[in-house]
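Please examine the structure below. The paragraphs that follow consider the surroundings of the ligand and then the empty space within the protein.

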Amino acid sequence: MNKIILKSGKEKAVLRHHPWIFSGAIATVSGDPENGSSVQVFDSKNNLLGIGAFSPYSQIRVRMWTFGHEDINQEFFEKRIDRAIKRRSYLMEKYNDSAWRLIHAESDQIPGLIVDQYNDVLVIQILSSGSEFNREILIEALRNVTKLHKIYERSDLDVRKMEGLKERTGKISGEIPSEIIINEGGHKFIVDLQNSQKTGFYIDQRINRRIVADYCKNKDVLNVFSFTGGFSIYAVGNNARRVVSLDSSHEALALAERNHILNGFPDQEHEWLEGDAFQVLRKMRDQNQRFDVVILDPPKFAPTVAHVNKAARAYKDINLLGFKLLNPGGILVTFSCSGGIQEGLFQKIVSDAALDAGAYATILQKLYQGPDHPVSLNFPEGAYLKGLICLKN
Ligand code: SAH
């Protein structure tokens with residue numbers, strides 16, 4: 001196995017079991033390790049720190065598999081997968097849902113691998129060269145541990161480019177239905193596994209959808225960036241008076257509408273608006289439209305810290321409009337799923353937005369990604385979704 005030797009002092013993060021080693025921390029690389037192959041990592045005094053996957057194209061040059069001396073083989077991955085699933089067993093017992101994130105990459109000690117389960121179908125995303133290198137044994141390990149054979153790949157994310165990998169999507173094994181109906185929170189949702197955004201559904205909002213639904217009873221609700229209607233269906237399910245769902249994706253709204261029918265809700269409680277949120281919210285403000293609850297769950301405006309300034313302006317803009325569209329006593333539920341925008345900055349942006357909207361607001365509750373998207377104590381970067389429930393009064 002090829003070897004990596006770190007610069008003096010650069011072993012500290014590794015000793016704290018942080019899984020990433022940046023290129024600047026590396027003194028020497030022995031041999032010419034293949035993209036994604038395993039390398040032994042040593043500190044400057046030649047002590048073995050563990051084994052990781054080498055990624056010559058990425059600034060994250062090594063992603064650690066282990067801080068011990070294990071062999072990186074199928075059995076190793078079976079143990080990791082088994083542990084990740086057990087990590088979720090209390091959740092699966094608590095909620096009678098049928099869609100789960102089983103593996104959340106670094107946070108589940110399998111850097112670069114995402115696995116979502118929709119009923120008996122697994123959808124995988126491989127995001128790092130290390131997981132790509134071990135793709136065959138990872139898939140075999142998944143089959144062995146889960147006993148599930150319907151596996152579909154959605155490795156169609158931009159981040160693969162940074163790892164020197166091409167996009168890949170398609171069936172891996174089993175009969176893959178084009179659509180599947182999952183259960184979440186007592187509601188049914190159609191998931192388009194092959195063409196939809198992400199792996200098909202925003203499972204990370206599971207707990208938040210339940211929490212937000214409580215605020216929607218007898219209220220007029222505007223769900224902006226609604227996708228297939230996650231928050232909307234919960235709101236109607238909890239007897240919201242009126243729900244308006246807004247999204248720029250025609251396909252997502254078509255599914256939202258079908259989800260509405262599938263759950264047996266009467267039509268008159270729901271309106272669907274296709275358009276650009278920035279424009280539509282401005283128009284609503286100019287028309288003096290008002291709502292009791294406004295939900296803002298935009299896409300990732302800042303995938304990395306490089307996009308932070310531009311993203312901050314976009315977040316401020318929609319939050320300002322969100323506050324403007326609220327009745328006094330109204331609730332703004334606002335999210336950011338950008339890894340590049342940290343919680344403190346997000347709160348500051350929302351506070352600037354309230355100030356500019358001339359609104360006084362207090363935080364009723366802070367929200368995070370659901371616990372099947374865990375955040376490892378060793379890897380704070382795994383925390384990406386943050387939300388605020390604000391009361392305007
Ligand atoms: N809240 C959703 C997930 C939102 S994902 C849920 O719980 O399932 C973000 C959504 O924003 C996507 O559906 C995407 O189509 C939509 N979107 C992206 N840019 C947009 C824009 N400028 N205006 C309106 N919708 C947009």
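Ala, Val, Leu, Ile, Met, Phe, Trp, Tyr, Cys and Pro count as nonpolar, Asp, Glu, Lys and Arg as charged, and the others, Gly among them, as polar. The model is predicted: local features need pLDDT of at least 70, side-chain atom pairs count only at pLDDT 80 or more, and totals for chains, interfaces and linings use all residues. Residues are numbered from 1 along each chain as its sequence is written, and side-chain values use heavy atoms, with hydrogens and water left out.

The ligand is surrounded by 15 residues (each with a heavy atom within 4 Å of it). This shell consists of 6 nonpolar, 5 polar and 4 charged residues. Arg-209, Asp-247, Asp-276, Ala-277 and Asp-297 are the closest. The side chain of Asp-247 places an N or O atom 2.6 Å from an oxygen atom of the ligand. For Asp-276, a side-chain N or O atom is 2.6 Å from a nitrogen atom of the ligand, and a polar side-chain atom of Asp-297 also lies 2.6 Å from a ligand nitrogen atom. The protein buries 90% of the 580 Å² that the ligand exposes when taken alone (Shrake-Rupley method, 1.4 Å probe).

A cavity is a set of points, on a 1 Å grid over the protein atoms alone, where a 1.4 Å probe fits but cannot get out; its lining residues have an atom within 4 Å of a point. The largest cavity has a volume of about 50 Å³ (the space filled by probe spheres set on the points). Among its lining residues are Glu-343, Phe-346, Tyr-368 and Lys-386. The lining divides into 4 nonpolar, 2 polar and 3 charged residues.

Methods
Polar contact = N/O pair within 3.5 Å; in protein donor to acceptor, adjacent residues only side chain to side chain. 1 Å grid on protein atoms, 1.4 Å probe; cavity = no way out; pocket = protein on both sides within 12 Å on 5 of 7 lines; lining within 4 Å.
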